[in-house]
Amino acid sequence: MNVSLSLWALTIVGLAALIAVDFFIGRKPHDVSIKEAGIWTAVWVALAGFFGLGLLVLGGGRPAGEFFAGFITEKSLSVDNLFVFVLIMAKFAVPSQYQRRVLMIGVLIALVLRAGFIAAGAAIIASFSWVFFLFGAFLIWTAWKLVQEARSGGDEEADFEENKLLKAAERRFGVTDRYHGTRLWIRQNGKRVMTPMLVVMLAIGTTDILFALDSIPAIFGLTQDPYIVFTANAFALMGLRQLYFLIGGLLEKLVHLSYGLSVILGFIGVKLVLHALHESGAHVPEISIPVSLGVICAVLAVTTVTSLLAARKQTAEEARRTQAQEERQERQRQEGQERHEVAAKGRADA
């Protein structure tokens, strides 16, 4: 898809306007309700849908299909970010009324950093077609690692560890021991010091780099158009904040998420390798965008259904164990009471 500089500028201005509206509406710190999160999640999904339809009208079916496949892939991979967001919020004890602001700025930092990754990836792909072999192998290896982590129980109990950049910033500027509203800097003993609000924003933004290492190669496996890669990432990330509040309590029920993501990454890795072989002159079949979109949607649907069924079964099993334990305790209490009554009667007869 041939994208002019003016269209790039118009798109960035449009995204900036949407972000400004979102920020203006939620500028006052408050607890985000399920209703508010649901409305904004629907808004960002609808905006992504309208953007995809615009691509369909202006560029045809292929760019639109690539965008929707990329958006769904990035959205599903970004859900994994939410587990880390929960750890970060807990690590820094972020008050609930400030979490929306933290996620807004943190995600914006992540989007800027991802833009740099996308630009670098596009430049590398344009110069070295063999990089598809590396991307494909990396995604297949990542898929295998996800399966291994899922089978070993994952890292659900792990704590968040600050990266070196964040630790260096804290040592250089210092951090206050408490929050000061939404302020990022304050003066303490005549020195400018960071507040925990700024630290947690930087933590979310810079931690996303780790997730970009697999999500950026994954979407380049679906499209090599930097414009589509960037916009799919933008819509997926901006809607991620609301998803945090909407399904935060449901994350622990997505017990098969890692398996689903591993299948998606492995599938795209194979697609990349086939594409690289095709570019090298080998007569191998290539996986089309409609097939890719169908596989991604099917895997996510199956993963969600099996996760919810497994979570329901686990809940029922826990309820049965709790009931059995309560029944044992009741029997022990009754047996103890009976022994007490027998002993009391024996003492009375004596």
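**Group meeting: salt bridges, a helix pair and a few odd spots**

R321 comes out as partly exposed, at a relative accessible area of 48%. I'm starting there since R321 belongs to a little cluster I'd like to walk you through. Before that, one reminder: what you have in front of you is a predicted model.

Okay, so who does R321 talk to? Its side chain meets that of E317 in a salt bridge, at 3.8 Å from N to O. These two are four residues apart in helix α10, so about one helical turn separates them. E317 has another partner as well, namely R320, and for that salt bridge the closest N and O atoms are 2.5 Å apart. Here the spacing is three residues in helix α10, which again means a separation of about one helical turn. Since the two salt bridges share a partner, E317, R320 and R321 are joined into one network. As for burial, E317 is at 32% relative accessibility, so it counts as partly exposed. R320 sits at 47% and is partly exposed too.

How many salt bridges does a search of the whole structure find? Six. I'll pick out one more of them. E74 pairs with R114, and their closest N and O atoms are 3.1 Å apart. E74 is in helix α3, residues 61-91, while R114 is in helix α4, so this pair ties together parts that lie 40 residues apart in sequence. Now, buried or exposed: which is E74? At 1% relative accessibility, E74 counts as buried, the cut-off being under 20%. R114 comes in at 2%, so R114 is buried as well.

Staying with helix α4 for a minute. In general, you describe two packed helices by the angle between their axes and the distance between the axes. For α4, residues 99-127, and α7, residues 196-220, the angle is about 35° and the axes are 7 Å apart. The contact of α4 with α7 involves 22 nonpolar residues, five polar ones and three charged ones. And the handedness, for anyone who wants it: α4 and α7 make a right-handed crossing.

Next, the surface. There's a nonpolar patch made of F50, L53, L56, V57 and L58, and together they have about 580 Å² of accessible area. Two of those I looked at one by one. F50 lies in helix α2, and at 57% relative accessibility F50 counts as exposed. L56 is in that helix too, which spans residues 34-59, but L56 has a relative accessible area of 43%, so L56 is partly exposed. If you'd like a long-range number to check in your viewer, F50 and L240 are 190 residues apart along the chain, and their C-alpha atoms are separated by 18 Å.

Last bit: three residues in loops. A93 first. Most residues other than glycine have a negative phi. A93 has a phi near 50°, a positive value, and A93 is not a glycine. Where is A93? In the loop between α3 and α4. At 54% relative accessibility, A93 counts as exposed.

Then Y179, in the loop between α6, residues 164-173, and β1, residues 185-188. Y179 has 16% relative accessibility, so Y179 counts as buried even though it's in a loop. The C-alpha atoms of Y179 and P95 are separated by 8.7 Å, with the two positions 84 residues apart along the chain.

And V284, from the loop between α9, residues 257-279, and α10, residues 289-349. V284 is at 23% relative accessibility, which puts it in the partly exposed class. V284 and L274 are ten residues apart in sequence, and their C-alpha atoms are 6.6 Å apart in space.

So, if you open the model, I'd click on two places: the network of E317, R320 and R321, and the E74 salt bridge with R114. That's my tour, over to you.

How values were computed: Residues numbered from 1 in each chain as written. Predicted model: local features only at pLDDT ≥ 70, side-chain atom pairs only at ≥ 80, totals over all residues. Heavy atoms only, no water. Axes fitted to C-alpha atoms, helices over the stretch in contact; angles between N-to-C directions. Left-handed = near helix turned anticlockwise from the far one by under 90°. Nonpolar A, V, L, I, M, F, W, Y, C, P; charged D, E, K, R; others polar. Patch = residues over 30% accessible without salt bridge, like charges linked within 9 Å, V, L, I, M, F, W, Y side chains within 5 Å. Areas by Shrake-Rupley, 256 points an atom, 1.4 Å probe, with all protein chains shown as cover. Salt bridge = Lys/Arg side-chain N within 4 Å of Asp/Glu carboxyl O. Buried < 20%, exposed > 50% of the residue type's maximum accessible area, 1.4 Å probe, protein only.
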